[in-house]
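Here is a short tour for anyone meeting this structure for the first time. Have a look at the model, then read on.

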Amino acid sequence: MPLQRHTLAHCSNNIEPQNLTLVSEFHLMRVSDDPGLQPILFCLFMFVYLVTVLGNLIIILAVNSDSNLHTPMYFFLCNLSLADICFISTTVPKMIVNIQTHRKEIIYVGCLTQMSFLILFGYMDCLLLAVMAYDRFVAVCHPLHYSLIMNPRLCGSLVFLSLLVSLVDSQAHNLIALQIIYFKDVEISNFFCDPAQLLNLACFNTFINDIVMYFVGALSGLLPISGIFFSYYKIVFSILKISSSGGRYKAFSTCGSHLSVVCLFYGTALGVYLGSAVSRSPRSTAVASLMYTVVTPMLNPFIYSLRNKDIKRAVKRFHRKML
């Protein structure tokens, strides 16, 4: 049994550091405290996780097995699918284990590790969606120069840069969390180690850390969103200049799947933050956060496969090869 150490129930500026104890583990919120629901929840989250991993893996294998899909758009899609697999793998497996073992503890190091990977792959998703928006902008607004602009070197550099920036953002949050030694509680009001929740548990004044974290968060959120808005601003104006309705539909259809994923990802994430501002219920906020951490990665493969004829053909050909 690991040594369990807890913090004091209340913290104040008058408390000396030596009067406080360190934290060896945190307690995550349970999906449900009803014992009868545990087997159902276990099967549900296991099903969602397997569908997400298999769905994204099929897209990766189908694209790589079809030479007709070796284009920048599908190269970015493969990386998005890989990021989605990693993103959901940071939270759901731990949730499944906790449901099965009827536990809710997560060790301190495990909590920081989960938080780091959650930010890494979550922000990777954001940046890849911005990169894919830029790819659609070039395809619609500069079709004649598309192959020249979106060359393999640039595509590889964009993915590598997305990974590098995500890693820096993740480690920035991690360094801030590591500076917090004492906590006023061990209860995290979510199913995973939410960075904002962890910072709120800090025992002493963390004004500077708050400023740094919110600045980094705002900057990291603003960059991809600005890129997406700018790209679609240019795309819409280019489509409106097309005289025929058929041409406009064809141009916009190339962006349909990507736009759907963008709306789903940012819509659910925005809904979580707006919901947390309106509702004071921690469980409501935690349930809402399941939307963008669990549901969105699961739906992405379906959106791309159902709305994209090339993907559907590639999946069918891949299926025939496997048989």
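## What the record says

A word on the annotations before we use them: UniProt positions are given in the numbering used here, and annotations may be inferred rather than shown by experiment. Keep in mind, too, that this is a predicted model.

With that in hand, the unreviewed UniProt entry lists "transmembrane region" at residues 39-62, 74-94, 106-134, 211-233, 254-274 and 286-306. Two of these spans can be checked against the model. Residues 74-94 come out as 90% helix and 0% strand, and the end C-alpha atoms of that span lie 31 Å apart. Residues 106-134 are 93% helix and 7% strand, with 39 Å between the end C-alpha atoms.

## H2 against H4

Helix H2 covers residues 72-89 and helix H4 covers residues 108-141; their axes are 9 Å apart and the packing angle is about 165°. An angle over 145 degrees counts as roughly antiparallel, so that is how H2 and H4 sit relative to each other. Their crossing is left-handed.

Who meets whom here? On the H2 side the contacts include Phe 76, Leu 80 and Phe 87, while the H4 side offers, among others, Phe 121, Leu 128 and Met 132.

## H1 against H3

Helix H1 (residues 38-65) packs on H3 at about 160°, and the two axes are 9 Å apart. H1 is therefore roughly antiparallel to H3, and this crossing is left-handed. Among the H1 residues in contact are Phe 42, Phe 45 and Tyr 49; H3 brings in Val 92, Ile 96 and Ile 99, among others.

## Just past H3

Follow the chain out of helix H3 (92-101) and you reach His 102, in the loop that leads to strand E2 (105-107). Most residues other than glycine have a negative phi. His 102, though, has a positive phi, near 60°. His 102 is also exposed, because its relative accessible area is 52% and the cut-off for exposed is over 50%.

## H6 and its buried side chains

How far apart are the end C-alpha atoms of helix H6, residues 152-178? At 1.5 Å a residue, its 27 residues should span 39 Å, and the ends are indeed 39 Å apart, so the two agree.

The buried residues of H6 include Cys 155, Leu 158, Val 159, His 173 and Ile 176. Asp 169 is also in this helix, and it counts as buried because its relative accessibility is 7%, with the cut-off set at under 20%. The C-alpha atom of Asp 169 is 9.0 Å from that of Ser 116, although 53 residues separate them along the chain.

Terms used. Residues are numbered from 1 along each chain as its sequence is written. This is a predicted model: local features need pLDDT of at least 70, side-chain atom pairs count only at pLDDT 80 or more; totals for chains, interfaces and linings use all residues. Side-chain values use heavy atoms; hydrogens and water are left out. Helices (H or I, at least four residues) and strands (E, at least two) are DSSP runs, numbered from the N terminus. The expected span of a helix is 1.5 Å times one less than its number of residues. Buried means under 20% relative accessible area, exposed over 50%, partly exposed in between (1.4 Å probe, protein chains only). Axes are lines fitted to C-alpha atoms, for helices over the stretch in contact, and angles run from 0 to 180 degrees between N-to-C directions. Angles under 35 degrees count as roughly parallel, over 145 as roughly antiparallel, 65 to 115 as roughly perpendicular and the rest as oblique. A crossing is left-handed if the near helix is turned anticlockwise from the far one by less than a right angle, and right-handed if clockwise. Contact means heavy atoms within 4.5 Å.
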